[in-house]
Amino acid sequence: IISQSAEALGIDAYVIGGFVRDFILKRGQHKDIDIVAIGSGIDLARQVAKNIPNHPKVQIFKTYGTAMLRYEDIEVEFVGARKESYTEESRNPIVENGTLEDDQNRRDFTINAMALDLNPSRFGDLLDPFDGLKDLDAKLIRTPLDPDITYSDDPLRMMRAIRFATQLNFTIENASLIAISKNKDRIKIITKERIVVELNKILESEVPSIGFLLLEQTGLLDYILPELVALKGIDEKEGQRHKDNFYHTLEVVDNIAQNTDDLWLRWAALLHDIGKAPTKKFSKKVGWTFHGHEFEGSKMVYRLFKRLKMPLNEKMKFVQKLVLMSSRPIALAQDVTDSAVRRLVFDAGDYVDDLMILCEADITTKNPRKFKKYHNNF
Ligand code: ATP
């Protein structure tokens, strides 16, 4: 339909971006399709709507010169090909009309810059000026242009690179990693809401630790979640060492990701030990302790959500409660009595099942056998 509509208007149109990438990767149906028109995207959207039997409503975003319509459960977005140039202070570029090449040049990664021709005589031809296909094959995240400029122009791309590397289990090319480390400070011009969207996508991936390790390695984590960076490292005093709570946390997150799709339970896993950095103490008698870290941690959850402008709603309270209780079943495991178990179940209320999933992940990463031993008691 789009192909016929573009021909009727005498303009060229292409599918571009995520749909093309996921189509080649056979990643299942991509939920949105991006169309680039060499001309007006809005006119093309209107023509397409005319040619669909039930004439879906076209939503027009005048400021961006884009239009969107829904077809079945797919969102189709139309945009005129554009050329972009950036200024220092903002990630919003100056936009002019451009060619398909200009439009491909403004894309973030080679694998997101591939286009399929919709012109009837060339239908389905792949336009891949930056060897995106090769990068898909090599599982590589690479920028079409100079990485230093790409990430500096729009620092959100640093988060996107890490997010795609996590979702697709791809490697980020070295030059990009260097450019991200160099430009990490520019993440400050990105709104918190955008950062959280990317963080959530990393957390919802199959192996979230890929993303958090990259965020740490490039130095971005210092800006985004310094509470996690503070968990890094092992101190040694009088021959006693504690575990590295940063890597332990990532193990717990990966483990829980295998047992639940619940984003908030994954957040709880990510934050379950954050109170350990400020409460860490060494005493000659008992060695390393993290006394009261659960209370501290749950207070920190509130501050962290507030800083990242995440909603301070029931989901936040859920994460707080799990962080607060996360050590309880583990402590009880030393000495499980009926009354202690009843107390725990009572205190956990509706959250008891989630708490058990979190504790299972926490203990399994420390001592798989130990958890099995007392699990049935709950
Ligand atoms: P997903 O839907 O899984 O997030 P996607 O690739 O469709 O993947 P979108 O955010 O919908 O991601 O973006 C659509 C396309 O727009 C991308 O494939 C890319 O070509 C381009 N794009 C999006 N954001 C940027 C950006 N910050 N800089 C450059 N190009 C971008």
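A polar contact is defined here as a pair of N or O atoms within 3.5 Å; within protein, one atom must be able to donate a hydrogen and the other to accept it, and residues adjacent in sequence count only if both atoms are side-chain atoms. By this criterion, the side chains of D108 and R160 are joined by a polar contact of 2.6 Å. The structure is a predicted model, in which local features need pLDDT of at least 70 and side-chain atom pairs count only at pLDDT 80 or more, whereas totals for chains, interfaces and linings use all residues. Residues are numbered from 1 along each chain as its sequence is written, and side-chain values use heavy atoms, with hydrogens and water left out.

The secondary structure of the chain comprises 21 helices and 15 strands, where helices (H or I, at least four residues) and strands (E, at least two) are DSSP runs numbered from the N terminus. The C-alpha trace spans about 80 × 45 × 35 Å along its principal axes. Of the 378 residues in the chain, 51% are buried; the term buried denotes under 20% relative accessible area, exposed over 50%, and partly exposed the range in between (1.4 Å probe, protein chains only).

The ligand occupies the space of the largest pocket. A pocket is identified on a 1 Å grid over the protein atoms alone as an open set of points with protein on both sides within 12 Å along at least five of seven lines, whereas a cavity is a set of points where a 1.4 Å probe fits but cannot get out; lining residues have an atom within 4 Å of a point. A molecule is assigned to a cavity or pocket if more than half of its atoms lie within 2 Å of its grid points.

There are 17 residues around the ligand, of which R21, R107, N112, D154 and R157 come nearest; a residue counts as near if one of its heavy atoms lies within 4 Å of the molecule. The shell divides into 1 nonpolar, 4 polar and 12 charged residues, with Ala, Val, Leu, Ile, Met, Phe, Trp, Tyr, Cys and Pro taken as nonpolar, Asp, Glu, Lys and Arg as charged, and the others, Gly among them, as polar. Helices α2 (18-25) and α7 (156-168) each supply at least two residues of this shell, and α7 gives the most, with 4 residues.

Oxygen atoms of the ligand are approached by both side-chain and backbone atoms of the protein. A polar side-chain atom of H30 lies 3.1 Å from a ligand oxygen, and the corresponding distance for a polar side-chain atom of K31 is 3.3 Å. For N112, a backbone N or O atom lies 2.8 Å from an oxygen atom of the ligand. Taken alone, the ligand exposes 590 Å², of which the protein buries 81%; accessible areas come from the Shrake-Rupley method with a 1.4 Å probe, and for residues only the protein chains shown count as cover.

N112 is also contacted by D108, through a polar contact between the two side chains (3.0 Å). D108 is found in the loop between α4 (100-105) and β8 (115-117) and is buried, with a relative accessible area of 8%.

Within α7, M159 is buried at 0% relative accessibility. The C-alpha atoms of M159 and I202, 43 residues apart along the chain, are separated by 9.5 Å. V352, in helix α20 (residues 352-366), is likewise buried, with a relative accessible area of 18%. V352 and M325 are 27 residues apart in sequence and 9.7 Å apart in space, C-alpha to C-alpha.

Helix α14 (residues 263-271) has 9 of its 9 residues buried, so this helix is largely enclosed by the rest of the structure. Among the buried residues are W264, R266 and W267. The N-terminal end of α14 is capped by D262, a side-chain oxygen of which lies 2.7 Å from the backbone nitrogen of W264. D261, in the loop between α13 (245-257) and α14, is exposed, with a relative accessible area of 69%.

Two lysines were examined for their backbone conformation. Most residues other than glycine have a negative phi. K26, however, has a positive phi of about 55°, as does K309, also at about 55°. K26 lies in the loop between α2 and β2 (32-37) and is exposed at 74% relative accessibility. K309 is placed in the loop between α16 (293-307) and α17 (314-325) and is exposed, with a relative accessible area of 55%.
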